[in-house]
Amino acid sequence: MSARPVPPRRLWWLLAGFGVWCSALVFLYAVHAIGCAFAWPAGALRLALAIVLLVHLIAIGWMWRDHGTASPDPSLDSTGAFLHTVIVWTLIAALVTIVLTLGPTLALATCV
Amino acid sequence: MSALRLHRELAAIWATGPGLQRLAAVNHSVIGLRFMATAFVFFAIGGVLGMLTRVQLATPDSDFMDPETYNQVFTVHGSMMLFLFAIPMIEGVAVYLTPKILGTRDFAFPRLTAYGYWCYLFGGTIITLSLVFGVAPNGGWFMYTPLSSNVYTPGVNADVWLLGVTFVEISALTLAVEIVVSILKMRAPGMALDRMPIFGWYMLVTALMMVVAFPPLILGSILLETERAFGLPFFDPKRGGDALLWQHLFWLFGHPDVYIIFLPMAGALSTIIPVFANRRLVGYRAIVVAIIALAFVSFGIWVHHMFTVGIPHLALAFFSAGSAIVAVPTSVQIFAWLATLAHGRPRWDVPMLYVFGFFFIFALGGLTGVMLAIVPFNWQAHDSYFVVAHFHYVVAGALAFPMLAAFYYWLPLLTGRTAVHRLSVPAFWLVFIGFNLTFFLMHLVGLLGMPRRIYTYPGDVGWNWLNLLSSVGGFIMTIGFGLVVIDLLAQFRYGRRVRRDPWRATTFEWAMPIPPAPYAFASLPQVGTAADDSAAGERALSLARGEGYLGFARNGWQETLGVHMTSGAPEQLIVLPRPTYLPLCTALATATAVLAMLFQFYALTLAAALLTAGLFVLAGQSAGLARDYGPLPVGHGVSVPPHTEVAGAPPWWALIFTLVADGTLFASLVFGTFYLWIAAPNWPAAATPAPDLMLALAAIVALVVAAAAARGSLRALATGGSARGWIALAMLALLAAIAACVALIGGIAPPPREHALGATAAALLFYVAVHAGIGLLFLVSNLLRLGAGLVSPLRSMDLRLTRLWLDYTAMTAVIALGLVLALPLLVAMLGPRP
């Protein structure tokens, strides 16, 4: 039996990991700007930011569970294995980028 | 069939005619060379302007130029190098090389390539002529407001930049869409994504970045031009605007632009280094991951150009950390290249000299980039010559040295000769030494406190010798570039003759005649595992004999293959358009619109814009095939239908990526609205907005009806009925939506000229009206093509494209009109703000 080609729609997954990173950055920046503009208490603002970050970590964790723990689909051609590897590593890279660039900064003073 | 006979038959179909017919050229080789040659002319002009600034700054208290002339010279130098040299040169390389490297005959939309070139040429000419007439842009290459507003720059100088650069950006955007679609759909049969040359990945990611990066700047330029021309105060703080909105929109483009320049050149390096290292590239997969990461992270750090504008520390830290971490994916590539060299058997030749120059200079530029990513250091060095030194190292390191490596590597493809070493080697060292002498010293003078953009300086502040040596370095570098030009020209006559594929490369551009024929490949190569590592030159003869796919001429068609996106299996026969003057005429109409806007002849602007739209509709009338063909043989026992009869033809994907760009522009507009709401001074306005709910709902309903009618037209076509009634209904609905939007704009409070609140509402409504208007053009084209027999149940692409456009219009209209309706609520929320 010949292998199936990878469906083109799977290419969107190449953008998924860092798409989550972009979303996290935009939402954190927006919530922070709104919080400072409306003088939210520091604790409430920090909590809101932490929730935004957590939601994005859960999203990327879900993607990881979906892709990282699964083997490449054996019914797909060799491009399937290639794309699987690239997608998994973009997810890992995006997760590390979220944690390193957006995590520690939440400990800073909020609106100074 | 003999190779010679096949060549004659294909050349008769694909060649561009002589004399004036050259103006009708659409072939990628012709247009690619024109892009590169034109970019090089602008590079030379920009280089002379750069030298003029160095003459001015060589000594203190210099009277060589007066302040106004200096402002124009350095502004045009920067603008020209970025917008008229760097990006177009990248595009030229992409247009000329990508189809050849991917083993196909041309790009998907040759007429669009030609239109992009003419737009670039005319836009660049407008900017260059403005310098001759003394009305050139004079506010710096990033045109910061409020300096560029008509209060502080009352002449046409800033308008020249805004209109000229936007004109060039249209060119860049059209090419970006074309590159994405061509790479995804037009590769050699069997070239699956994991077998695609790494250059293809680099160009794909770069073009996708361009699709998303350019719209924010296009929007910013439109908003600033409407402020200057019509008084809509988007950036005027006294009337509810905010000057920092411009900086956000500009740097949302500006920072990724650095990587848009870097990545294609990194693609060239990733192609050249393995050839000279005599081994395959190390870390193909890691590099693909790295360039995807780089593409995203480069967008997420635009604020690092704005560290001194007063943004809270916590937000600065996001962008500081991102700016530092962007070095990681960059380093992955550099280590992959070093590993390739370390594990191979490197040989030394002229391209490798420039690769060495790249490593040295880009590493230095990267390190100062990490320094500038750190907020406290950035505050000290901001707007000093340290920054000037940094970005010259990054941009020149990322572009100039790999570009020259690429020229020396690929020029034998055109000339059939190699470089004249007695000129090439001294030229390299002059460029390398001159470059470092010029720009390294700028780090030091910057740390000593010299601000950028000053036209002169006093003689007692300790900057004299550094500036003098920097200027001397500039002249050495210029002599080096002069020698490079002489060397490149001398190569045509005095270079050592070489056989095909002089470097023993494995990419397909070397498997074709030297110089490349207009059809590129007499037959298309099949990619298989066995052939991957064989030298391309060995396959050339069999391809020339027509032993690959499409090794014949048929119906006078310019044929190439469309493939499955991931596997590269042949799935459609793409018939490309022949040479035509339409791209030139359309670009001339567009240029007329731009010039009329510049000189405030607004009626002429409108007429020229309508003419441009009409010419686009006219171009559509000569596209496609007039009857159904069904599957046609393409060689090797394979038959595929023409692109007009398949669902995933290039126009479908082109519209999807165009809508991605359009959606980015819309998102930037929505961002601008919220940004002004949250950050601009003098909000809320004196007058409270009260949009007419019924008119807004009427507009939305009309657009939904138009989208539904488009579906109806498709159903009618599929079932053998008449689609014309549905199309007429969609046209009426769109006219109603436009009328509702115009009425809403007329009733906006506060008036758009009085407060940014009204101006943003007007911009949102105008966006909806313009999209409805473009929808009308789609429908007119549908009617004309139905009448001409170019549409059938099997050839339904036109109606599907219209449906997609109207769906997008309806969706964005719901958001835009919803936001306009929500403005009173948003303004009311500002009450409790401290």
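This passage describes the contact between chains A and B, the two domains of chain B, one helix of chain B and one loop residue, all in a predicted model.

The contact between the chains involves 38 residues of chain A and 30 residues of chain B. On the chain A side, α1 (13–37) and α3 (78–102) each contribute at least two residues to the surface that touches chain B. The most is given by α3(A), with 13 residues. By class, the chain A side of this contact comprises 28 nonpolar residues, 9 polar residues and 1 charged residue.

Within chain B, the domain assignment gives domain 1 (3–489) and domain 2 (652–829). The centres of these two domains, taken over C-alpha atoms, are separated by 35 Å. The domains touch one another through 28 residues of domain 1 of chain B and 28 residues of domain 2 of chain B. On the domain 1 side, α5 (157–185), α6 (198–230) and α7 (243–277) of chain B each supply at least two residues. Here α6(B) gives the most, with 7 residues. The side of domain 1 of chain B that touches domain 2 of chain B is made up of 20 nonpolar, 4 polar and 4 charged residues.

Helix α10 of chain B covers residues 327–343. At 1.5 Å a residue, its 17 residues should span 24 Å, and the C-alpha atoms at its ends are 24 Å apart, so the expected span and the model agree. The buried residues of α10(B) are B:P329, B:T330, B:Q333, B:A336, B:W337, B:T340 and B:L341. These residues lie on the same side of α10(B), because they cover an arc of only 135 degrees around the helix axis. The elements that cover the buried residues of α10(B) include α7, α8 (284–299) and α11 (350–373) of chain B. Helix α7 of chain B thus appears in this cover as well as on the side of domain 1 of chain B that touches domain 2 of chain B.

Residue B:R453 is located in the loop that connects α14 (421–447) and α15 (464–494) of chain B. B:R453 has 15 C-beta neighbours inside 10 Å and therefore counts as partly exposed, since a buried residue would need 20 or more and an exposed one would have 12 or fewer. Leaving aside residues up to four places away in sequence, B:R453 touches B:F74 and B:G140. B:G140 is 313 residues from B:R453 along the chain, and the C-alpha atoms of the two are separated by 8.0 Å.

Key:
Residues numbered from 1 in each chain as written. Chains lettered and ligands numbered in written order. Predicted model: local features only at pLDDT ≥ 70, side-chain atom pairs only at ≥ 80, totals over all residues. Contact = placed C-beta atoms within 7 Å. Helix = DSSP H or I, 4+ residues; strand = E, 2+ residues; numbered from the N terminus. Nonpolar A, V, L, I, M, F, W, Y, C, P; charged D, E, K, R; others polar. Domains from an automatic or database assignment. Expected span 1.5 Å × (residues − 1). Arc of directions from axis to C-beta.
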